[in-house]
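Work through the exercises below with the sequence and the model open side by side. Each task is followed by a solution that proceeds step by step.

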Amino acid sequence: MIRGAQSVLYSAAAAFLLASPLEAADKPPFTVARSAASPQISRLFRKTDGWVGADAAYSVPLSAARTLWTFGDTWIGRIRGGKRIHCTMVNNSIALQSHGRLAPQLDFRWGRQDGKPVAFWRPEIAGTYYWPGDGAMVDGKLYVFLHVIRPKPDNPEPFQFEAVEDLVLQVDNPLEDLARWRSRIVKIGNSARVINFGVACLTDGEHLYAYCSYPPAGKRLAGHPTVLARIDRQHLSALDMSAWQYWCNAGAPGHQGQWQRRLENPVILFEDGAPEMSVKRVAGIAGFIAAYMPPFSRTIFLRHAPAPQGPWSERIAAYRCPEKDPRILVYSAKAHPQLAPGKLRLALTYCRNSEQFARHFDQPEIYFPQGVEVLLAPTASRK
């Protein structure tokens, strides 16, 4: 099932969240000077043969010259005469992008089996499939979070699936040709009913930080409050998943501030988190910027923190998606700094979907990532 439903499935109370007052926080050290749709970024994804639409659109810089993109549910086929034809949907795909040219292109890849398109990453367990989460390079190795999904036909359409657990993919040699990649996949050991790893991730100092959604803290059915886990480089390299730590309240709720091995009373970084987002460094701004779209909001928000665990600022609106048709779902906003060289600039994408499956064939333009450019302006120090 197409990932846009994921936002709906776990977020039926999104309107409640958006209407609720958020915890008081400092203002970020920047404002949004301007934002606008970016046709140049959007064109990277507009294809009419082979890879013809997907969502998710995480990007992981492998080096200064090369970026890996990962996608969720993907159409493989053709677009002709304004219609998607001869298409097969696979559950994930990737693309490799080279930088330094005037018009960099994405080289899309997926799997093939018995002459037919299949997902790029496929589980050994029958009846499940992978949706990629975020990824990062650590000490020359690539790490990608993979969400294990299985069909749940008893759910009403289009929500006939459920998340099971999360995995970590390690690639030892990501700068070599794709055919020579040496990779391993290990289970984290979590239950998706409790915590969902890798909705965003980053490296800082000696740790890989994984931003996670935390369903037990969701209000009503909204299951995406954001919490934080980390693992040190040595244990990550050894794929020792017992070494994860969680940023938790120390003592009584509200007294933030300690790392611990047990997931117990975790700090909610922000309540209106999303099932897919990004946390990145942006040139010209110290610290980190989270970019995300709360379910059903149609607005991309930014928050700032001096450290991965915060404290996180109040949110500010970066871009209002222009789609007026209520049948078009918008979701999955992320930042891609490698597409916006220079200070105080952000390149964003968000994804679109439809409540009506047939529109994927009749209106194929809906199901492509959309590009956005944002210019920030620094402000005075926090009050």
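**Exercise 1. Strand S3 and its partner**

Task: Val 60 stands opposite a residue in S4; identify this residue, and then describe how S3 and S4 are joined.

Solution. Begin with the pair itself: in this model, which is a predicted one, the residue of S4 that stands opposite Val 60 is Leu 68. Next, widen the view to the two strands, where 4 bridges join S3 to strand S4 (residues 66-71) and the strands run antiparallel. Finally, follow the chain from S3 to S4, which are joined by a hairpin through 4 residues.

**Exercise 2. Two residues with positive phi**

Task: For Ala 57 and Phe 296, state the value of phi, locate each residue among the strands, and decide whether each is buried, partly exposed or exposed.

Solution. Take Ala 57 as the starting point: its phi is near 60 degrees, which is a positive value in a residue other than glycine. Ala 57 lies in the loop between strand S2 (49-54) and strand S3 (58-61). The relative accessibility of Ala 57 is 0%, and because buried means under 20%, Ala 57 counts as buried.

Turn now to Phe 296, also a residue other than glycine, whose phi is positive and near 70 degrees. The loop that holds Phe 296 runs between strand S21 (285-292) and S22. With a relative accessible area of 43%, Phe 296 is partly exposed, since this class covers values between the 20% and 50% limits.

**Exercise 3. Strand S22 and the loop that follows**

Task: Describe the surroundings of Thr 299, and then find the cis peptide bond that involves Pro 311.

Solution. Thr 299 is placed in strand S22, and its relative accessible area of 10% makes it buried. Leaving out residues up to four places away in sequence, Thr 299 touches Tyr 292, Met 293, Pro 294, Ala 317, Tyr 319 and Arg 320. One of these, Arg 320, also takes part in a polar contact, in which its side chain meets the side chain of Thr 299 at 3.2 Å.

Continue to the loop between strand S22 (299-305) and strand S23 (316-320), where Pro 311 is found. The peptide bond that joins Gly 310 and Pro 311 is cis, with omega at about 5 degrees.

**Exercise 4. Strand S25 and its neighbours**

Task: Establish how far strand S25 is enclosed, and name the residues that Thr 349 faces in S24 and S26.

Solution. First consider burial: of the 10 residues of strand S25 (residues 345-354), 9 are buried, so the strand is largely enclosed by the rest of the structure. Second, examine the pairing, in which strand S24 (residues 328-335) and S25 are antiparallel over 6 bridges, while S25 and strand S26 (residues 370-378) are likewise joined by 6 bridges and run antiparallel. Third, locate Thr 349 in S25, which stands opposite Lys 334 and has Gly 371 as its bridge partner in S26.

Ile 328 adds a further view of S24, the strand in which it is found. At 9% relative accessibility, Ile 328 counts as buried, and its contacts beyond four places in sequence include Arg 352, Asn 353 and Ile 366. The C-alpha atoms of Ile 328 and Gln 356 are separated by 8.8 Å, although the two residues are 28 residues apart along the chain.

**Exercise 5. Aromatic rings**

Task: Classify the ring pair Trp 69 and Phe 71 and the ring pair Tyr 129 and Trp 131, and then look for charged groups placed over rings.

Solution. The whole structure holds 23 aromatic pairs. In the pair formed by Trp 69 and Phe 71, the centres are 6.5 Å apart and the planes differ by 10 degrees, and the pair is therefore stacked, as planes under 30 degrees apart count as such. Both Trp 69 and Phe 71 are buried. For Tyr 129 and Trp 131, the centres lie 5.8 Å apart and the planes stand at 70 degrees, so this pair is edge-to-face. Tyr 129 is buried, with a relative accessible area of 11%, and Trp 131 is buried at 0%.

As a last step, note that ring pairs link Phe 45, Trp 51, Trp 69, Phe 71, Phe 108 and Phe 368 into a cluster. Over the ring of Phe 368 sits the charged end of Arg 46, 4.6 Å from the ring centre. The charged end of Arg 315 sits over the ring of Phe 301, 4.1 Å from its centre.

Methods
Residues are numbered from 1 along each chain as its sequence is written. This is a predicted model: local features need pLDDT of at least 70, side-chain atom pairs count only at pLDDT 80 or more; totals for chains, interfaces and linings use all residues. Side-chain values use heavy atoms; hydrogens and water are left out. Buried means under 20% relative accessible area, exposed over 50%, partly exposed in between (1.4 Å probe, protein chains only). A polar contact is a pair of N or O atoms within 3.5 Å; within protein, one must be able to donate a hydrogen and the other to accept it, and residues adjacent in sequence count only if both atoms are side-chain atoms. Contact means heavy atoms within 4.5 Å. Two strands pair if DSSP finds at least two bridges between them. Rings of Phe, Tyr and Trp (its six-membered ring) pair if their centres lie within 6.5 Å; planes under 30 degrees apart count as stacked, over 60 as edge-to-face and the rest as tilted. A charge sits over a ring if NZ of Lys or CZ of Arg is within 6 Å of the ring centre and within 35 degrees of the ring normal.
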